[in-house]
Amino acid sequence: MWYEDTVAAVSTPLQTAALGVVRVSGPAALSIVGQIFSGPVQKAAGGTALHGYIRDGQTLIDEVVVTVFRAPHSYTGEDVAEISCHGSPFILRWVMRLLIGCGARAAAAGEFTKRAFINGKLDLTRAEAVADLINSETKLQAASAVGGLRGGIWDRIEPIRAELVGLAAQMLAFIDFPDDDISDLSPQTIRQTVLSALGQTQALAEGFDKGRVIRSGVRVCICGRPNAGKSTLMNRLLGCERSIVTGDEGTTRDVVEDSVVIDGVKFVLSDTAGIRRASSEAERIGVDRAGDNMRAADLLLCVFDASAALSDADRSFINEALACSGRKIAVLNKLDLGQAEYDMPGFDSYVRVSAARGDGAEELRRAMSELAGCGNLPSDGSVINNLRQYECVVRAAEALQRAADGAAPDAQLQDIEEAIDALGSLTGRSASEDIINDIFSRFCVGK
Ligand code: GDP
């Protein structure tokens with residue numbers, strides 16, 4: 001479907017900057033820009049840049065460069081002109097007003113990318129990768145998003161879908177013309193194809209958790225007994241005074257959260273209340289929250305004041321920590337005060353540190369990075385990245401499971417078609433209008 005109208009938006013932040021870009025896309029893009037720009041935009045070949053002036057009647061507004069793209073060789077697949085102005089919000093708004101006066105419409109959020117999708121330049125997973133790339137904050141997030149943009153997920157989904165479409169076509173022929181010897185489709189062949197597709201979709205669903213780690217970061221809970229040095233450690237890892245450090249027990253009551261990037265991976269650190277029998281209602285709530293946080297964490301940094309021998313209270317904290325599902329590092333703190341011998345069975349790793357002085361901090365960062373499996377995180381964009389994609393994969397896997405379990409070819413075919421539909425809505429081949437609108441509404445204006 002080709003759009004009939006032409007849209008325009010400021011594609012850079014509306015802030016004072018060296019440059020600001022106004023993008024115009026649609027069938028009338030070049031003629032509209034031609035009305036306010038001094039250069040020969042309408043005659044320009046695709047991929048050329050023209051230097052000239054934007055005028056409002058007789059008034060000179062800005063000296064600009066206009067880059068011309070011709071359909072279908074542009075981001076949206078339509079004729080596009082990008083006007084690089086000087087980055088004054090006032091000028092950018094003025095240029096927008098002029099374009100609208102000449103017949104352009106202000107683009108909605110994500111409209112350029114939506115046009116690219118509708119015009120077949122991107123599938124939905126690539127469009128979502130565009131949003132991920134814009135929002136990326138770490139090296140891993142950026143690498144994963146750019147991999148997605150190159151088709152990481154599409155490349156894994158499309159072969160499964162194509163295989164199932166082939167199978168469904170054969171089954172349909174078989175059901176419609178059972179007497180014609182048009183296919184040698186045996187129940188075993190059907191089952192084999194279904195099981196292979198099932199295995200691949202299940203693997204994709206399992207990868208969702210890795211996607212979460214890339215996107216939202218590794219959830220780290222800093223936990224331990226009061227005064228073990230949790231807040232000092234949090235501040236050490238963050239490189240700033242985020243948590244309040246005092247010698248009084250029970251200072252940290254609510255969970256204090258902040259994030260840090262280690263080896264290109266985001267870690268979301270939570271400093272929790274010290275685990276002990278609380279002396280007040282507020283502290284009791286803090287201790288409960290600390291427990292919840294420990295259980296939800298991917299990685300626990302269990303901090304001990306190792307200048308003293310392990311107490312019974314330490315041992316009961318260890319038992320609580322070991323019952324949690326996340327990976328666990330025993331952080332033996334206060335190395336500067338001299339340390340007792342510690343035996344830490346059940347922990348994945350242990351590190352001796354002085355949170356106050358900084359000794360052992362590098363070693364701790366390395367252990368965190370190793371235990372979070374950062375080296376194994378895929379950065380080729382092939383992991384399921386959001387709940388929408390995840391739900392599609394799960395729906396496909398459930399349908400394929402039913403097809404694998406079912407015996408009647410009619411019912412089997414229905415389940416296979418359901419799986420094809422689920423995979424198609426993941427890539428956008430069969431996504432509903434509502435889903436498409438929802439995805440693009442989360443983009444920024446100008447993208
Ligand atoms: P939290 O209650 O576990 O959060 O512990 P804090 O971080 O508030 O620290 C408790 C006390 O231990 C404070 O007086 C800190 O200055 C002190 N402390 C923390 N880490 C170290 C360390 O590595 N060496 C020494 N000597 N003192 C520390």
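Reader: Why is F347 called buried or exposed in this model?

Author: In this predicted model, F347 has a relative accessible area of 11%. Buried means under 20%, so F347 is buried.

Reader: What makes F304 and F347 an aromatic pair, and of which kind?

Author: The structure holds 6 aromatic pairs. In the pair of F304 and F347, the ring centres are 6.3 Å apart, and the cut-off for a pair is within 6.5 Å. Their planes stand at 80°, and an angle over 60 degrees counts as edge-to-face; therefore this pair is edge-to-face. The pair links distant parts of the chain, with F304 in strand β10 and F347 in the loop between β11 and β12.

Reader: How do you know whether F304 is buried or exposed?

Author: The relative accessibility of F304 is 1%. Since the limit for buried is under 20%, F304 counts as buried.

Reader: Why is C102 without a bond to the closest cysteine sulfur?

Author: The closest cysteine sulfur, in C85, lies 14 Å from the sulfur of C102. A disulfide requires sulfur atoms within 2.5 Å, so the distance is too far for a bond. The structure holds 0 disulfides.

Reader: How are C102 and C392 classed by relative accessibility?

Author: C102, at 22%, counts as partly exposed, because that class lies between the 20% and 50% limits. C392, at 9%, counts as buried.

Reader: What makes K43 buried or exposed?

Author: K43 has a relative accessible area of 77%. Exposed means over 50%, so K43 is exposed. K43 is placed in the loop between α1 and β3.

Conventions
Residues are numbered from 1 along each chain as its sequence is written. This is a predicted model: local features need pLDDT of at least 70, side-chain atom pairs count only at pLDDT 80 or more; totals for chains, interfaces and linings use all residues. Side-chain values use heavy atoms; hydrogens and water are left out. Helices (H or I, at least four residues) and strands (E, at least two) are DSSP runs, numbered from the N terminus. Buried means under 20% relative accessible area, exposed over 50%, partly exposed in between (1.4 Å probe, protein chains only). Rings of Phe, Tyr and Trp (its six-membered ring) pair if their centres lie within 6.5 Å; planes under 30 degrees apart count as stacked, over 60 as edge-to-face and the rest as tilted.
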